[in-house]
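Biologist: Please take me through the packing and the charged pairs of this protein. I should like each reply to end on the item that I ask for.

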Amino acid sequence: MFEDQLAAVQELLDTNAHFRDLHERHAALKDKVAELNESPAATYDTNLERMKKEKLVLKDQMAAILANYTRR
């Protein structure tokens, strides 16, 4: 995620508590989604779908912060 802007991401992780919180929550959800995706019941898991949507929302929020930061 955001591989082309690693320096800016690292600066935000070091200096922006909100971005850091979003990043940590996204990473935790990413791990949980990956774990649940391996389950045979994953296709029918509404909780899994909710987590995927939440993960996307977090990524969008981080992208907005990153875009604003790199415009400076």
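The exchange below treats the core, the helix contacts and the salt bridges in turn.

Biologist: On what kind of model do the replies rest, and how are residues numbered?

Modeller: This is a predicted model, in which local features need pLDDT of at least 70 and side-chain atom pairs count only at pLDDT 80 or more, while totals for chains, interfaces and linings use all residues. Side-chain values use heavy atoms, with hydrogens and water left out, and residues are numbered along each chain as its sequence is written, from 1.

Biologist: Which element gives the most residues to the largest nonpolar core?

Modeller: A nonpolar core is a set of buried Ala, Val, Leu, Ile, Met, Phe, Trp, Tyr and Cys residues joined through side-chain atoms within 4.5 Å. The largest one has 16 residues, and V9, F19 and L66 touch the most other members. Two or more residues come from each of α1 (6-15), α2 (17-37) and α3 (46-70), where helices are DSSP runs (H or I, at least four residues) numbered from the N terminus. With six residues, the element that gives the most is α3.

Biologist: Which residues does V9 touch beyond those up to four places away in sequence?

Modeller: V9 is among the residues that touch the most other members of the core. Contact here means heavy atoms within 4.5 Å. Not counting residues up to four places away, V9 touches F2, F19 and L66.

Biologist: How are α1 and α2 oriented to each other, parallel or perpendicular?

Modeller: Axes are lines fitted to C-alpha atoms, for helices over the stretch in contact, and angles between N-to-C directions run from 0 to 180 degrees. The axes of α1 and α2 come within 6 Å and cross at roughly 110°. Angles under 35 degrees count as roughly parallel, over 145 as roughly antiparallel, 65 to 115 as roughly perpendicular and the rest as oblique. The two helices, α1 and α2, are therefore roughly perpendicular.

Biologist: Which residues of α3 make the contact with α1?

Modeller: The axes of α1 and α3 cross at roughly 105° and come within 10 Å. From α1, the contact uses A8, V9, E11 and L12, and from α3 it uses I65, L66, Y69 and T70.

Biologist: Is H26 buried or exposed?

Modeller: H26 belongs to helix α2 and, neighbours within four places aside, is in contact with M1, K55, L58, K59 and M62. Buried means under 20% relative accessible area, exposed over 50%, and partly exposed in between (1.4 Å probe, protein chains only). At a relative accessible area of 6%, H26 is buried.

Biologist: How many salt bridges does the count come to?

Modeller: A salt bridge is a side-chain nitrogen of Lys or Arg within 4 Å of a carboxyl oxygen of Asp or Glu. One of them joins E35 and K32, with the closest N and O atoms 3.7 Å apart; these residues are three apart in helix α2, about one helical turn. By this rule, the count is four.

Biologist: What is the N to O distance in the salt bridge of E54 and R50?

Modeller: E54 and R50 lie four residues apart in helix α3, about one turn of the helix. E54 is partly exposed, with a relative accessible area of 29%, and R50 is partly exposed at 43%. Their side chains meet at an N to O distance of 3.1 Å.
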